[in-house]
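Colleague: Please take a close look at how one part of this structure packs against its surroundings. I should be grateful for an explanation suited to a first-year student.

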Amino acid sequence: MKNNLRVQRAIKEITQAELAGLINVSRQTINTIESGKYVPSTVLALKIARIFGKPVEEIFELEEIDFS
Amino acid sequence: MKSKYLFPTSCLGLGYFLAIAGFILGYLTIFKNYEIPGFGFNLREKGNFINGTFENFTNELAVFFVIIGLLFVAFSRDKKEDELMARLRLNSLYWSVMIYYIIYNFGFLLINTIEEIPLIGEHLHELNIFTPLLIFIIRFFYLKHARSDHFLFNEPRFLANKPFRLIGVALTCIGIIPMVIIACTEQIFSSDDLIFTIAYFIMVFGLLIWSFSKNKIEDEGTMQQRLESLQLSVYFNYLVLLAATLLFYSLGYLFVLMFAQFSLLLFFVIRMEYVRYSNTKILNTFEGGIGA
């Protein structure tokens with residue numbers, strides 16, 4: 001699964017730390033999500049999408065490998 | 001949450017076979033003094049009173065079979081290895097480590113009574129080796145099958161960060177220092193040494209509290225790290241144990257068994273702290289990219 005979280009953050013001009021504070025997770029978790037090493041839970045993904053005011057599918061996208 | 005570091009599904013059958021064979025062989029070795037004839041080689045130049053020249057490896061083989069067999073049974077990939085399975089594994093790992101160490105700590109206090117029990121009392125150390133794996137397997141299979149229609153189980157609960165993390169770290173250090181001093185200044189120590197025993201008990205208790213307390217910042221990412229760390233520390237613990245089984249004999253092996261009692265928690269704590277340290281380093285050197 002790929003995401004464009006970093007781009008969205010840049011558009012909205014908030015840092016990882018600020019985003020982490022808004023949704024009550026650690027900055028570490030945001031970093032691992034952005035680098036693709038961690039897949040967030042549904043609740044976390046929905047919270048992130050709400051912060052940016054976009055639907056979840058615009059931030060997180062399924063890839064071929066997710067279906068194997 | 002996803003499970004990593006699992007064996008392929010085909011290992012399950014092999015695991016059952018090895019474990020059962022190992023248990024039978026172990027039973028024969030310990031209780032019937034059976035040895036596979038000729039299965040060994042001349043280890044020492046000159047025999048002394050305690051050890052002859054020829055060292056038989058049947059009991060090492062039994063330990064090998066049991067440990068590798070149980071590892072395969074416990075950690076083979078299931079046919080549907082998904083997020084639910086990962087939660088089951090975390091719950092089972094949590095249970096097995098906690099129950100094993102609580103039993104072990106209370107059993108430690110009652111060690112004099114337990115040693116009186118015929119058969120089990122004398123071989124406590126050997127039986128202790130695979131108990132965490134057994135508890136894991138029992139709990140994991142129970143969750144998979146007995147609760148298969150609703151899968152309702154509690155999230156593992158951890159102690160609050162303040163004050164328990166500090167208490168755990170403090171107790172571990174308080175316990176380790178006398179042990180190291182005694183071990184360095186005396187060549188051979190007996191377990192009757194009261195200070196050593198008390199320090200050992202404090203250290204293990206401290207490690208237990210440290211392992212089961214929350215980090216300062218606790219979220220789903222850290223829970224995933226916890227699952228991985230538990231998994232890896234189980235593997236590493238048994239790897240060390242298997243290597244030691246090959247390299248150490250008689251008295252040296254008893255020391256190894258004693259180390260194996262708490263090494264799982266030690267590895268877990270070390271790995272968690274290492275992950276936390278390296279993550280902090282990454283965050284500090286690289287400020288989150290665009291618009292940071």
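Modeller: Contact here means heavy atoms within 4.5 Å. Helices are DSSP runs (H or I, at least four residues), numbered from the N terminus. The model is predicted, so local features need pLDDT of at least 70 and side-chain atom pairs count only at pLDDT 80 or more, while totals for chains, interfaces and linings use all residues. Residues are numbered from 1 along each chain as its sequence is written, chains are lettered from A and ligands numbered from 1 in the order in which they are written, and side-chain values use heavy atoms, with hydrogens and water left out.

Consider helix 2 of chain A, beginning with helix 4 (residues 42-52) of chain A. From helix 2 of chain A, A:Leu19, A:Leu22 and A:Ile23 meet A:Leu44, A:Lys47, A:Ile48, A:Ile51 and A:Phe52 of helix 4 of chain A. By class, this contact has seven nonpolar, no polar and one charged residues (Ala, Val, Leu, Ile, Met, Phe, Trp, Tyr, Cys and Pro count as nonpolar, Asp, Glu, Lys and Arg as charged, and the others, Gly among them, as polar).

Two packed helices are described by the angle between their axes and the distance between the axes. Axes are lines fitted to C-alpha atoms, for helices over the stretch in contact, and angles run from 0 to 180 degrees between N-to-C directions. The axes of helix 2 and helix 4 of chain A cross at roughly 115 degrees and come within 10 Å.

Helix 2 (residues 16-23) of chain A also packs with helix 3 (residues 27-34) of chain A, at an angle of about 115 degrees and with axes 8 Å apart.

Terms used: Helices (H or I, at least four residues) and strands (E, at least two) are DSSP runs, numbered from the N terminus.
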